[in-house]
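Here is a briefing on one protein chain. Please look over the sequence and the structure first.

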Amino acid sequence: MQERGLTIYLDMDGVVVDLVGPILDLYSSRHLLDEWPKGSYDLDVILDVGRGELWERVNAMPVSWWEWLPAFRWLDTLWEGLQPFGPVTILSLPQETDACVLGKRRWLDRKIGPGLDVVLSGRKTRLARPGAVLIDDSEHHIRDWEAAGGHGILFPQVWNPAEPIIDGRRYGCPAEYTLERLRRISDETRRTTTACKNAD
């Protein structure tokens, strides 16, 4: 039952979809994940290739490549855990190819189910507002979202500075960390709403 009053916006790549691993595979370089410099987001720098060359290669991939990208192991835990907090919208920045857009939608249909609320756009901040929470692995997307008035949760990954630690407790699963952060945002939002009502 949805009773928390939040609206959740969930990024795909780097949160529920493993895009980085398959891109590394294109260069036979998955081993780089084991020596990734914490907080470095630039795949082209990690791979030591030109940025244009990298994304030209990725953008040339067919629909099937995008459709069959692996899900992270915590997909079900995260998706099911989000439901009590409010409606969940997929908010993802696609590559500007028809194959990517179609592949992402097919991925969602297969892995989560049809009929989802999906926004594929790079203009994420237009949806930011009080009570709206973005879960994203991109530090700058979270920063811009919060500046626009929303709540942000930076999903811990090796390529961002987030650490899955709350009050000294380190969470072994980034989904569990994210859900605890969300619970605290929900509780704080509820307290603020109650205080405002009492003031009226």
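Outside its own stretch of sequence, not counting residues up to four places away, Ile8 touches Leu82, Phe85, Gly86, Pro87, Val88, Thr89, Val133, Ile135 and Leu182. Contact here means heavy atoms within 4.5 Å. The model is predicted: local features need pLDDT of at least 70, side-chain atom pairs count only at pLDDT 80 or more, and totals for chains, interfaces and linings use all residues. Residues are numbered from 1 along each chain as its sequence is written, and side-chain values use heavy atoms, with hydrogens and water left out.

**Ile8 and its surroundings**

- Ile8 sits in strand 1, residues 7–10. Strands are DSSP runs of E with at least two residues, helices are runs of H or I with at least four, and both are numbered from the N terminus.
- Ile8 is buried, at a relative accessible area of 0%. Buried means under 20% relative accessible area, exposed means over 50%, and partly exposed lies in between (1.4 Å probe, protein chains only).
- One of the contacts of Ile8 is Val88. In sequence, Ile8 and Val88 are 80 residues apart; in space, their C-alpha atoms are 4.7 Å apart.

**Whole chain**

- The protein chain has 8 helices and 7 strands.
- Its radius of gyration is 18 Å, which agrees with the value near 16 Å for a compact globule of 200 residues. The radius is taken over C-alpha atoms, and the globule rule is 2.2 Å times the number of residues to the power 0.38.
- Along the principal axes, the C-alpha atoms fill a box of roughly 60 × 40 × 30 Å.
- Of the 200 residues in the protein chain, 52% are buried.
- Among contacts with a separation of 6 or more, 64% join residues 24 or more positions apart.
- The exposed surface of the protein chain is about 10,300 Å², and carbon and sulfur atoms supply 48% of it. Areas come from the Shrake-Rupley method with a 1.4 Å probe; for residues, only the protein chains shown count as cover.

**Charges and salt bridges**

- The chain carries 24 positive and 31 negative charges, and their mean positions are 5 Å apart. Lys and Arg count as positive, Asp and Glu as negative; His and the chain ends are not counted. Each charge is placed at NZ of Lys, CZ of Arg, CG of Asp or CD of Glu.
- Side chains of opposite charge can pair when their charged atoms come close.
- A salt bridge is a side-chain nitrogen of Lys or Arg within 4 Å of a carboxyl oxygen of Asp or Glu. By this rule the count is 14 salt bridges.
- Asp18 pairs with Arg30 in a salt bridge, with the closest N and O atoms 4.0 Å apart. Asp18 lies in the loop between strand 1 and helix 1 (20–26) and Arg30 in the loop between helix 1 and helix 2 (43–47), so the bridge ties together parts 12 residues apart in sequence.
- Asp18 is buried at 12% relative accessible area. Arg30 is partly exposed at 35%.

**Helix 8 network**

- Arg184 and Glu180 form a salt bridge of 2.8 Å, N to O. They are 4 residues apart in helix 8 (residues 174–199), about one helical turn.
- Arg184 is partly exposed at 34% relative accessible area, whereas Glu180 counts as buried at 15%.
- Arg183 and Asp187 also meet in a salt bridge, at 2.8 Å, N to O. Both lie in helix 8, 4 residues apart, about one turn of the helix.
- Arg183 is partly exposed at 31% relative accessibility. Asp187 is buried at 15%.
- Shared partners join Asp167, Glu180, Arg183, Arg184, Asp187 and Arg190 into one network of salt bridges.

**Positive phi outside glycine**

- Asp167, a member of that network, has a positive phi of about 50 degrees although it is not a glycine. Asp167 lies in the loop between strand 6 (165–166) and strand 7 (169–170). It is exposed, with a relative accessible area of 68%.
- Asp48 has a positive phi near 60 degrees, and is a residue other than glycine. Asp48 sits in the loop between helix 2 and helix 3 (51–59). It counts as exposed at 70% relative accessibility.

**Glu67**

- Glu67 belongs to helix 4, residues 63–67. It is buried at 13% relative accessible area.
- Leaving aside neighbours within four places in sequence, Glu67 is in contact with Gly103, Arg106, Trp107 and Arg110.
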